Amino acid sequence: MMTILRARSALFLSLVAVTATVSLEARAAADVVRGGDVFAEECAECHSVREGKNKKGPSMFGVVGRRAATVADASYSDALKGSGLTWTPDKLDAYLAAPKKFVPGGKMKYDGLADAAERASLLAFLATLR
């Protein structure tokens, strides 16, 4: 019972942190289920949600709060390895909006997700992957 309460508390705090970094309109629209759909449409070709399952890119399991370029057996650019980033919700939001601008020299082949509400939903979904 205590584990369930801790998990719910952690999920709630993760969602609060995610929604605190985006616009009011995007926060109002954040939807974990929609975020799962956004992941399937925009990310799943290259990323998995399963722990330890890398594809072209690293697994997104536990990404929120993780230091960048630290997933075992994943391939990273020197730019991302040297970035010193920790994937906080605000940094993930900026990265997902414009990866090549946020980490110049990075190798992720994705132009970015312009829609703030879709990013907010995606971040809400990613925060559940623990």
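**A helical chain and the setting of helix H7**

The protein chain contains seven helices and zero strands. The model described here is a predicted one. Read from the N terminus on, the elements of the chain follow the order α-α-α-α-α-α-α.

Some overall values describe the chain as a whole. Of its 130 residues, 35% are buried. The accessible surface of the chain amounts to about 7500 Å², and carbon and sulfur atoms account for 58% of that area. Among the contacts between residues at least 6 apart in sequence, 45% link residues that are at least 24 apart.

Helix H7 spans residues 116-126 and merits particular attention. Nine of its 11 residues are buried, and H7 is therefore largely enclosed by the rest of the structure. The buried residues of H7 are Glu118, Arg119, Ala120, Ser121, Leu122, Leu123, Ala124, Phe125 and Leu126. At the N-terminal end of H7, Asp115 acts as a cap, with a side-chain oxygen 2.9 Å from the backbone nitrogen of Ala117.

The relation of H7 to helix H3 can be considered next. Two packed helices are described by the angle between their axes and the distance between the axes. Helix H3 comprises residues 32-42, and its axis and that of H7 come within 7 Å and cross at roughly 100 degrees. Angles of 65 to 115 degrees count as roughly perpendicular, and H3 and H7 are therefore roughly perpendicular to each other. On the H3 side, Val32, Arg34, Gly35, Gly36, Val38 and Phe39 take part in the contact, where they meet Glu118, Ser121, Leu122, Ala124, Phe125 and Leu126 of H7. Sorted by class, the residues of this contact are seven nonpolar, three polar and two charged.

Phe39 leads from this contact to another part of the chain, since Phe39 of H3 meets H7 and is also among the residues touched by His47. His47 is located in the loop between H3 and helix H4 (78-81). The relative accessible area of His47 is 12%, and His47 is therefore buried, as the term applies to values under 20%. A polar atom of the His47 side chain lies 2.8 Å from the backbone oxygen of Pro58. Leaving aside residues up to four places away in sequence, His47 touches Phe39, Lys55, Gly57, Pro58, Met60 and Met108. Pro58 thus appears twice in the surroundings of His47, through its backbone oxygen and in the list of residues that His47 touches.

Key
Residues are numbered from 1 along each chain as its sequence is written. This is a predicted model: local features need pLDDT of at least 70, side-chain atom pairs count only at pLDDT 80 or more; totals for chains, interfaces and linings use all residues. Side-chain values use heavy atoms; hydrogens and water are left out. Buried means under 20% relative accessible area, exposed over 50%, partly exposed in between (1.4 Å probe, protein chains only). Helices (H or I, at least four residues) and strands (E, at least two) are DSSP runs, numbered from the N terminus. A polar contact is a pair of N or O atoms within 3.5 Å; within protein, one must be able to donate a hydrogen and the other to accept it, and residues adjacent in sequence count only if both atoms are side-chain atoms. Axes are lines fitted to C-alpha atoms, for helices over the stretch in contact, and angles run from 0 to 180 degrees between N-to-C directions. Angles under 35 degrees count as roughly parallel, over 145 as roughly antiparallel, 65 to 115 as roughly perpendicular and the rest as oblique. Contact means heavy atoms within 4.5 Å. Ala, Val, Leu, Ile, Met, Phe, Trp, Tyr, Cys and Pro count as nonpolar, Asp, Glu, Lys and Arg as charged, and the others, Gly among them, as polar. Accessible areas come from the Shrake-Rupley method with a 1.4 Å probe; for residues, only the protein chains shown count as cover.
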